[in-house]
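Colleague: I would like to go through the salt bridges of a model. Please take the general idea first, then the case.

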Amino acid sequence: QVQLVESGGGLVQFGGSLRLSCVASGITLDYSAIGWFRHAPGKLREGLSCISSSDTTWYADSVKGRFIASRDKAKNTAYLQMNNLKPEDTAVYYCGICRLDWGEYEYDHWGQGTQVTVSS
């Protein structure tokens, strides 16, 4: 079974940085596209990134220039480096196998998520 496990969240100050990790099992990232999305209470799910097996990457406008998605195929692990964090970045962050469907990115096999809280 495909399983993705997120980690690395926590409490950070405005302007701080955090790196999230996503360890994959049951799949190889050599043949999968993987990305990140977030969900805050009272707000819609927001797709953040999707990186293909050939390492081309899409970013949402809200995080472009601040967040960097990457993948270590040897470790079968994806990362999200988050810089210049803002209070509005506070959410539960999930990784998932991503795909483009009807103009929107969808995410499959997401895990429990990791909480990111940014103080103002």
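Modeller: What follows is a reading of salt bridges and their burial in this predicted model.

Colleague: What counts as a salt bridge, and how many salt bridges are there by this rule?

Modeller: The rule asks for a side-chain nitrogen of Lys or Arg within 4 Å of a carboxyl oxygen of Asp or Glu. The count here comes to 8 salt bridges. One of them joins Arg-99 to Asp-101, with the closest N and O atoms 3.6 Å apart.

Colleague: Is Arg-99 buried or exposed?

Modeller: Buried means under 20% relative accessible area, and exposed means over 50%. Arg-99 has 39% relative accessibility, so it counts as partly exposed. Asp-101, at 32%, is partly exposed too.

Colleague: Which residue forms a salt bridge with Asp-89, and where in the chain do the two sit?

Modeller: The partner of Asp-89 is Arg-66, and their closest N and O atoms are 2.8 Å apart. This pair links distant parts of the chain, 23 residues apart: Asp-89 lies in the loop between β8 (77–82) and β9 (91–101), and Arg-66 in the loop between β6 (57–59) and β7 (67–72). Asp-89 is buried at 0% relative accessibility, and Arg-66 is buried at 9%.

Colleague: Which residues are linked with these two in a network of salt bridges?

Modeller: The network holds Arg-38 and Glu-46 along with Arg-66 and Asp-89. Arg-38 and Glu-46 form a salt bridge of their own, their closest N and O atoms being 2.9 Å apart. Arg-38 is buried, with a relative accessible area of 7%, whereas Glu-46 is partly exposed at 26%.

Terms used:
Residues numbered from 1 in each chain as written. Predicted model: local features only at pLDDT ≥ 70, side-chain atom pairs only at ≥ 80, totals over all residues. Heavy atoms only, no water. Buried < 20%, exposed > 50% of the residue type's maximum accessible area, 1.4 Å probe, protein only. Helix = DSSP H or I, 4+ residues; strand = E, 2+ residues; numbered from the N terminus.
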